[in-house]
Amino acid sequence: MTYHPKSDFMRVMIERGFLADCTDYQALDEALIKGVLPAYIGFDATAKSLHVGSLIQIMMLRWLQKTGHKPIVLMGGGTTKVGDPSFRADERPLLTPDQIDDNISGIKKVFTSYVTFDESDTGAEMVNNAEWLDDLNYLEFLRDIGRHFSVNRMLAFESVKSRLDREQSLSFLEFNYMILQAYDFLELNRRYGCLLQMGGSDQWGNIVNGIDLTRRVLDNQIFGLTSPLLTTSDGKKMGKSQDGAVWLNADMCSSYTFWQFWRNTTDADVGRFLKLYTELPLDECERLSALEGSAINDAKIRLANEVTTLAHGAEAAAAAEATAREVFEKGGVGDDLPTLELSADDLGDGISIVQLIVKSGLAKSGKDAKRLIAENGAKLNDTPLTDGGLFLKAEDLAEPIKLSAGKKRHALVKLS
């Protein structure tokens with residue numbers, strides 16, 4: 001990347017590693033200098049929270065606002081009814097309108113931690129594309145919008161081509177998704193003066209479609225900017241842990257679990273993640289990432305604290321760090337550990353250790369729990385578990401017990 005930006009936003013995108021590609025660097029840079037520029041990123045409502053995999057886009061919207069521009073959070077209330085087929089091997093399960101509305105309510109909570117919603121020129125707005133998609137007249141849409149799309153060109157996009165090359169079915173419903181996303185950009189430009197769409201690099205084809213459609217229908221110049229698709233240095237998809245997705249909402253992923261995810265970052269990823277997921281100055285990111293040996297753990301703790309503070313607040317970050325120190329350095333229990341509370345009815349005549357390990361989220365199934373015990377990976381109150389048939393009764397849970405899977409994953413079990 002040799003372009004030297006004049007605008008603060010483009011400079012941040014380039015220097016901190018957010019930028020994969022842009023439709024016109026110079027023209028976008030000039031537009032950013034002229035005044036407040038509205039830009040959007042779309043999020044489909046497929047779950048009640050976004051996960052860490054979406055955090056790079058959320059941080060882009062945050063930096064957009066911090067550098068004097070207007071973020072638009074587009075919720076896919078309409079497009080979620082179709083499902084984005086980009087680089088997927090199969091069709092997404094279809095959700096009901098009520099499920100989609102519930103998911104949007106959950107996702108809204110995420111954004112209040114990262115952008116400010118107010119009436120100012122740079123105040124963030126949350127928009128739902130159901131506003132214009134739900135009432136489309138099919139024949140009018142085909143005539144007015146569909147005629148601008150070449151099926152030959154759509155088939156050439158990598159997201160579609162890769163699916164067809166593998167001879168995996170692509171339904172006509174899914175094939176319409178890129179037309180609807182392009183139409184979103186046109187409507188946001190028409191209704192909100194939106195000039196920029198951002199997204200992951202897998203969205204490049206959809207973004208370019210929207211720019212082309214808006215030029216043809218409204219004769220307006222708009223822009224696209226993509227971020228790299230992140231994987232960790234060991235090849236894992238960003239946002240996934242051993243236990244599944246790392247959600248951003250505290251009611252779906254505890255602050256401690258969230259903090260621990262970042263604390264467990266591999267050495268090779270620390271510098272990159274500090275630049276992308278925190279607002280620490282670049283020279284401090286460089287200093288921390290250059291630490292070696294056991295000192296790199298200080299950088300990981302700083303990363304975990306900074307990211308958790310943004311997502312859940314400074315108190316939650318401090319409590320998570322205190323719990324981690326109690327658990328790892330002192331072998332204690334820690335107040336903020338994920339906790340499984342059992343009632344007398346849950347316990348009945350007793351419960352097996354295998355069931356407890358599964359219920360506490362340390363294993364996905366009884367088979368996994370038994371394997372964990374057999375491989376000496378499970379501990380009860382910091383003592384290795386050797387008996388997979390252990391059965392616990394109420395008196396065994398008079399005091400909370402600590403279960404561990406490996407060195408880094410822990411949970412409390414107590415009677416409510």
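Start by selecting Y138, L139, L142 and F172: together these residues make a nonpolar patch on the surface, with about 470 Å² of accessible area. The model on screen is a predicted one. Colour helix α6, residues 138–144, and the main contributor to the patch appears, since this helix supplies three residues, the largest share. Y138 is found in helix α6.

**R143 and D144**

Next select R143 and D144, which form a salt bridge with the closest N and O atoms 3.0 Å apart. R143 is exposed, at a relative accessible area of 53%, whereas D144 is partly exposed, at 34%.

**Other salt bridges**

The count for the whole structure comes to 21 salt bridges. Two further pairs can be shown along helices.

Go to helix α1, residues 8–15, and display R11 and E15. Their side chains meet in a salt bridge, 3.4 Å from N to O. The two residues are four apart in the helix, about one turn. R11 counts as partly exposed, with 33% relative accessibility, and E15 also counts as partly exposed, with 40%.

Then move to helix α16, residues 314–329, and display E321 and R325. Here too the spacing is four residues, about one turn of the helix. The side chains meet in a salt bridge of 2.6 Å, N to O. Are E321 and R325 buried, partly exposed or exposed? E321 is buried at a relative accessible area of 17%, because the cut-off for buried is under 20%. R325 has a relative accessible area of 34% and is partly exposed.

To see salt bridges joined into a network, select E131, E187, R190 and R191, which are linked in this way.

**Around W63**

Select W63, K66 and T67. K66 lies over the face of W63, at 5.6 Å from the ring centre. Now turn from the ring of W63 to its backbone: the backbone oxygen of W63 lies 2.8 Å from a polar atom of the T67 side chain. T67 is in the loop that runs between α3 (55–66) and β3 (70–75). With a relative accessible area of 17%, T67 is buried.

**The aromatic cluster**

For the last stop, show the rings of F258, F261, W262, F273 and Y277, which form one aromatic cluster. The structure holds eight aromatic pairs. What is the geometry of the pair formed by F261 and W262? It is edge-to-face, at 5.2 Å centre to centre and with 85 degrees between the planes. Both partners are buried: F261 has a relative accessible area of 17%, and W262 has 0% relative accessibility.

Now keep F273 and Y277 in view. Their ring centres are 5.5 Å apart and their planes stand at 75 degrees; an angle over 60 counts as edge-to-face, so this pair is edge-to-face. Show the backbone as well: F273 and Y277 are four residues apart in helix α13 (residues 270–277), which means that about one helical turn separates them. F273 is buried, with a relative accessible area of 3%. Y277 counts as buried too, at 1% relative accessibility.

Technical notes: Residues are numbered from 1 along each chain as its sequence is written. This is a predicted model: local features need pLDDT of at least 70, side-chain atom pairs count only at pLDDT 80 or more; totals for chains, interfaces and linings use all residues. Side-chain values use heavy atoms; hydrogens and water are left out. Rings of Phe, Tyr and Trp (its six-membered ring) pair if their centres lie within 6.5 Å; planes under 30 degrees apart count as stacked, over 60 as edge-to-face and the rest as tilted. Buried means under 20% relative accessible area, exposed over 50%, partly exposed in between (1.4 Å probe, protein chains only). A charge sits over a ring if NZ of Lys or CZ of Arg is within 6 Å of the ring centre and within 35 degrees of the ring normal. Patches are made of residues with over 30% relative accessible area and no salt bridge: like charges are joined within 9 Å, nonpolar side chains (Val, Leu, Ile, Met, Phe, Trp, Tyr) within 5 Å. Accessible areas come from the Shrake-Rupley method with a 1.4 Å probe; for residues, only the protein chains shown count as cover. A salt bridge is a side-chain nitrogen of Lys or Arg within 4 Å of a carboxyl oxygen of Asp or Glu. A polar contact is a pair of N or O atoms within 3.5 Å; within protein, one must be able to donate a hydrogen and the other to accept it, and residues adjacent in sequence count only if both atoms are side-chain atoms.
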